[in-house]
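Please look over the sequence and the 3D structure below before reading on. The report then takes up a few local features in turn.

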Amino acid sequence: MRRALAGGLALATVATMMGVATPAGATTLIVIDARGGGLKPGQKIDSAKPIVLKEGERVTVIGPDGKAITLKGKFAGPPLAHAGPAADPRSALAALISTRSARTSSVGVVRGGSDAAPLPDPWLIDASRSGERCLKAGDKLVWWRPVKTSAAEFTLFPIDRSWRADFAWKPGQDRMGMPSLGKIEGQTMFVLRADQQDRVIDVNVIPAGIDSDVVLASWMLEKGCTQQADALLRQLQQAQATTAAPAIPDQNQVRR
């Protein structure tokens, strides 16, 4: 019994040294986009469980380390060989930040909004420009504007112009919570008209159940919600810096 156990440990050690994936190293992957394969966005899959993709089908998943993986058909097998191991939060955040520019450039600067004003909160929807936005499932839209000194009006309607709603900013107001405009799911496109200009805003809904901020930030970057992803990454950096800050010693204890 002991020899069998020792032999199993030895094989596991060798496999780890050689970079060979073992079932013990399986991780949970989040589906961000899927075309076929019986998968849907927001679904959690085991990285060691085989998936089958036919010709023309594809799936993009995000691992716990924040890395996005795209598999294309024909494909049959577990995505484990393509998935990285779960990293500690600090390393995962550092890796995500280091690859942020490359990932957003592949989406497009205009679509990603790399030149947009910094958001004070990652879940605000910038009303001052066109582009991609991300919204958590079940949350209501909260519009935000970078310049808040004057009163201003704007009109909102869906891309099919089936309805219209008129709103007005008050002087000094930079946020506006929206009343229920019907169920927003998947991907919804709005046209916001202000100053005689139309801005097309594409809202991507992030499914419920994703409890990792690193995965959320990665999802935003993949969808082109760069402005919001940057705000979330700043929050995570600040939180890590606060956690890592050394405790200030009590001066009375130091004197003793």
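What follows covers aromatic rings, a small sheet, a surface patch and some unusual backbone angles in this predicted model.

**Aromatic rings**

How many aromatic pairs does a search of the whole structure find? The search finds four. In one of them, Trp-143 and Phe-154 meet edge-to-face, with 6.5 Å from centre to centre and 70° between the planes. This pair links distant parts of the chain, since Trp-143 is in strand β9 (residues 142-144) and Phe-154 is in strand β10, eleven residues apart. Another pair is made by Phe-154 and Trp-169; this pair is tilted, with 5.7 Å between the centres and 35° between the planes. Phe-154 lies in β10 and Trp-169 in β11, so this pair ties together parts of the chain that are 15 residues apart in sequence.

Phe-154 thus takes part in both pairs. Ring pairs join Trp-143, Phe-154, Phe-167 and Trp-169 into a cluster.

Are Trp-143, Phe-154 and Trp-169 buried or exposed? Residues count as buried when their relative accessible area is under 20%. Trp-143 has a relative accessible area of 0%, so it is buried. Phe-154, at 3%, is buried because this value is under the cut-off. Trp-169 is buried as well, with 6% relative accessibility.

**A three-stranded sheet**

Strand β9, which holds Trp-143, is also part of an open sheet. The sheet has three strands in the order β7-β9-β12, and the pairing is mixed. Its edge strands are β7 (125-126) and β12 (175-177), each of which pairs on one side only. In general, strands of a sheet pair through backbone hydrogen bonds, and the pairing is either parallel or antiparallel. Between β9 and β12 the sense is antiparallel, and three bridges are found. At one of these positions, Val-142 has Gly-177 in β12 as its bridge partner.

**A nonpolar patch on the surface**

Which residues make the nonpolar surface patch? Ile-159, Met-189 and Val-200 make this patch, and its area is about 230 Å². Ile-159 belongs to the loop between β10 (152-158) and β11 (165-169). With a relative accessibility of 48%, Ile-159 counts as partly exposed, because this class lies between the limits of 20% and 50%.

**Unusual backbone angles**

Most residues other than glycine have a negative phi, and most peptide bonds are trans. The table lists places in this model that depart from these patterns.

| Place | Feature | Value | Loop |
|---|---|---|---|
| Asp-195 | positive phi | near 55° | between β13 (187-194) and β14 (197-206) |
| Gln-196 | positive phi | about 60° | between β13 and β14 |
| Gly-73 and Lys-74 | cis peptide bond | omega about 10° | Lys-74 between β5 (68-72) and β6 (75-77) |

Asp-195 and Gln-196 both sit in the loop between β13 and β14. Are Asp-195 and Gln-196 buried or exposed? Asp-195 is exposed, with a relative accessible area of 63%. Gln-196 is exposed too, and its relative accessible area is 83%. The cut-off for exposed is over 50%, which means that both values fall in this class.

The cis bond lies elsewhere in the chain: Gly-73 and Lys-74 are joined by it, and Lys-74 is in the loop between β5 and β6.

Conventions:
Residues are numbered from 1 along each chain as its sequence is written. This is a predicted model: local features need pLDDT of at least 70, side-chain atom pairs count only at pLDDT 80 or more; totals for chains, interfaces and linings use all residues. Side-chain values use heavy atoms; hydrogens and water are left out. Helices (H or I, at least four residues) and strands (E, at least two) are DSSP runs, numbered from the N terminus. Buried means under 20% relative accessible area, exposed over 50%, partly exposed in between (1.4 Å probe, protein chains only). Patches are made of residues with over 30% relative accessible area and no salt bridge: like charges are joined within 9 Å, nonpolar side chains (Val, Leu, Ile, Met, Phe, Trp, Tyr) within 5 Å. Accessible areas come from the Shrake-Rupley method with a 1.4 Å probe; for residues, only the protein chains shown count as cover. A salt bridge is a side-chain nitrogen of Lys or Arg within 4 Å of a carboxyl oxygen of Asp or Glu. Rings of Phe, Tyr and Trp (its six-membered ring) pair if their centres lie within 6.5 Å; planes under 30 degrees apart count as stacked, over 60 as edge-to-face and the rest as tilted. Two strands pair if DSSP finds at least two bridges between them.
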